[in-house]
Amino acid sequence: MELKKDSNAVSIDMLLIVHSEKRRAAQGAHSDRPADPGAPPQRRGGLQGVGNGIRRWQKLEGNDLCGNLVEKQHAQQTQVITSYDNQGTQLTVEVHPRDAMPQLFKKFSLAKRLQVDKNGNTRPRQPGGKDTHAYPWDRSSLKSMPLDLRQFEKLDTYASQVTVKSGLEELVSDLLQEAHSDLEIVRAIWIWICHHIEYDIEAAQEKDRQAFKPTAILQTQKTNCDGYAGLFERMCRIAGVQCVTVPGYSKGFGYQLGQSFSGEFDHAWNAVFLEGRWHLVDSTWGSGLVDSSTSKFTFLYNEFYFLTHPALFIEDHFPDNKNWQLLKPPQSLRQFENNMYHKSEFYNKGMLSAQPQTSIIKTVNGKATVTIESCAPTLFMFMLNGKQEHGLLSLRKNGMKLDVYPPTAGTHKLQIFAKGNSEIYSSVLEYTLKCHCADVDVRLPAELHQPVGPSWFSEQMGITKPSHPEPVIYTSDGRCSVSFGVEEGISVLASLHGDDGPVTEETQRRYIFQLHREKRTELKVQLPHAGKFALKIFVKKRQEPGNYLFVFNYLICCTNTKVNWPVFPESFGNWGVDNELLEPLSGVLPANRNVPFKLKLHGVAKALVKGQDTWPLTLSPEGYWEGSCSTAGCREVYVMVLENANHSFYSYILKYQVNAQ
């Protein structure tokens, strides 16, 4: 044995030759060396036979597919066993055929893996200054080391499909077949655990947390967080990667905003040593989640907790030893309790920051404002006390702004969701709102959906250059006109919604009159009374089947109590998209009056107004169809057109009601 020692590490080159019992007896009969009765017995508990780490080396050395050492000179094969004790010390043994000449096939240098304490014992290197990252997060990366996840695509697929054949050693051996570096080894182990080990909710809720042995975990494929961390550490050590289990507090399943932590630690995770530095992983949270309503576990892989940047990891993991925060400066437990908790999906969906940075918000004059900055345009939604009400959410190019108006004084739960690249909205933030006094003057329509106001999303859907870029429109006389560009082939539909008054499902679109001028759409709006209304805008590609899709809405506000506008005339399918109505705009005409008509109609041969009698309209030099009709003796008035002069069939395009006499 050769022993080299410096102040920090040891390097051991060792060859242990094991002979069969018969040969040992024969040698003993001819040996003049007496046995040592004081020699210590062989230690069994800390060392176990392993075949995996060696198989990886053998494959590189040109061995066969089963990982067996190829012997050209001997029909029998050399067996190799490698083991680790609890401190990570590695022992490798060659078992040679009888009469074979043993050769040292590999020298293991442990200098980079092991430290020696003052008593001469080896242990993993404790984290130091070169392991730390700056706090707060510098937005550089979600990971603690540069990673291109595309490099793991093949390995991830392979590792997720590996099955347990016998024991833990063989499992690690199989995983290492496609892993060629410590980083890839850790990745393969991480992927396998996250895709095969289920969180044992019943065990996690027991008062005395059960200690799961790796062999038992492989059999049941269920465990608690201690079992996840212990299994991960054990598999890494078998594979020759330094790893430790870190206990601590967590903001996981059952966490309540603002709660304090004391007593027994409730979670465990791991630190792995890669490329000369410690890194953090949590395979429990990487494997899936627990539904709070059903208390059932669902496999849902979460990349966020693999080599997480420590400045992000500290948001929901507080270790027992502050050195394992890997932060400079480290955070106190009080800071951990009070700091804003961003869920992993906050970062997975591309969020960068949120304001305010505290989980409890006190309203000011009955209002609370939340802003989020994202690295790309993102769709958001919110829920206040489980309902999408009492807030104005407007999208920004890189984020969003939300103004919330709690309807009553007291404590309220605010949840914010983001869509990202997926089709599913995920919860990214939660706040507790404390409202001392609600603003009773702010009553938003229940039909005011999200988002409010035009944005990058409405432009993406074909609506451009809006006349009103802000989400709220104020009108003093109860009327307003909104216009925007519309891309070719896009149809627009709009409806008006209020919480009370004459706006019914049948008349939602009758308080809006839609006009088209040179690739722009104009919406003339008349309010039936004072109050707040949601002007909802939908789009649809004309050539595609299906329903109109909601894009955004405006909030229209009017405080003039004298406002009492009637509906617009009802339009029919033959009302052309480029037609224009100048008068009469009111859909209800006075009785016993001569009412003037003026319209711009495209592609028609004749036009007339039909009431008790029929009155033709004439085409002016300016291109308007003009005329008048009497409302005497009729309850309805129609505008009709003849599209082809060779035909005699007139089509209805507009309908007016006549006031009762």
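## Exercises on a predicted model

Four strands make up an open sheet, ordered β26-β28-β31-β30, with antiparallel pairing. Strands β26 (463-464) and β30 (512-517) are at the edges with a single partner strand each, so one side of each has no neighbour in the sheet. Before you start, note that this is a predicted model, where local features need pLDDT of at least 70 and side-chain atom pairs count only at pLDDT 80 or more, while totals for chains, interfaces and linings use all residues. Residues are numbered from 1 along each chain as its sequence is written, and side-chain values use heavy atoms, leaving out hydrogens and water.

**Exercise 1. Find how strands β28 and β31 are joined.**

Step 1: Recall the terms. Strands (E, at least two residues) and helices (H or I, at least four) are DSSP runs, numbered from the N terminus. Two strands pair if DSSP finds at least two bridges between them.

Step 2: Look at β28 (residues 479-486) and β31 (residues 520-526), which run antiparallel and are joined by seven bridges.

Step 3: Pick out one position: G485 stands opposite R520 in β31.

**Exercise 2. Decide whether S250 is buried or exposed, and list its contacts.**

Step 1: Locate S250 in strand β10 (residues 243-250).

Step 2: Apply the cut-offs: buried is under 20% relative accessible area, exposed is over 50%, and partly exposed lies in between (1.4 Å probe, protein chains only). S250 has 7% relative accessibility, so this serine counts as buried.

Step 3: Set aside neighbours within four places in sequence; S250 is then in contact with F261, D266, H267, W285, D316 and F336. Contact means heavy atoms within 4.5 Å.

**Exercise 3. Work out why C634 has no bond to the closest cysteine sulfur.**

Step 1: Take the rule that a disulfide is a pair of cysteine sulfur atoms within 2.5 Å.

Step 2: Check the distance. The closest cysteine sulfur to that of C634 is in C629, at 6.7 Å, which is too far for a bond.

Step 3: Add the surroundings: C634 has a relative accessible area of 12% and is therefore buried. The count of disulfides by this rule is zero.

**Exercise 4. Describe the span and cover of helix α5.**

Step 1: Count 15 residues in α5 (residues 182-196).

Step 2: Compare spans. The expected span is 1.5 Å times one less than the number of residues. From first C-alpha to last, α5 reaches 21 Å, close to the 21 Å expected.

Step 3: Check the cover: 13 of the 15 residues of α5 are buried, leaving the helix mostly covered.
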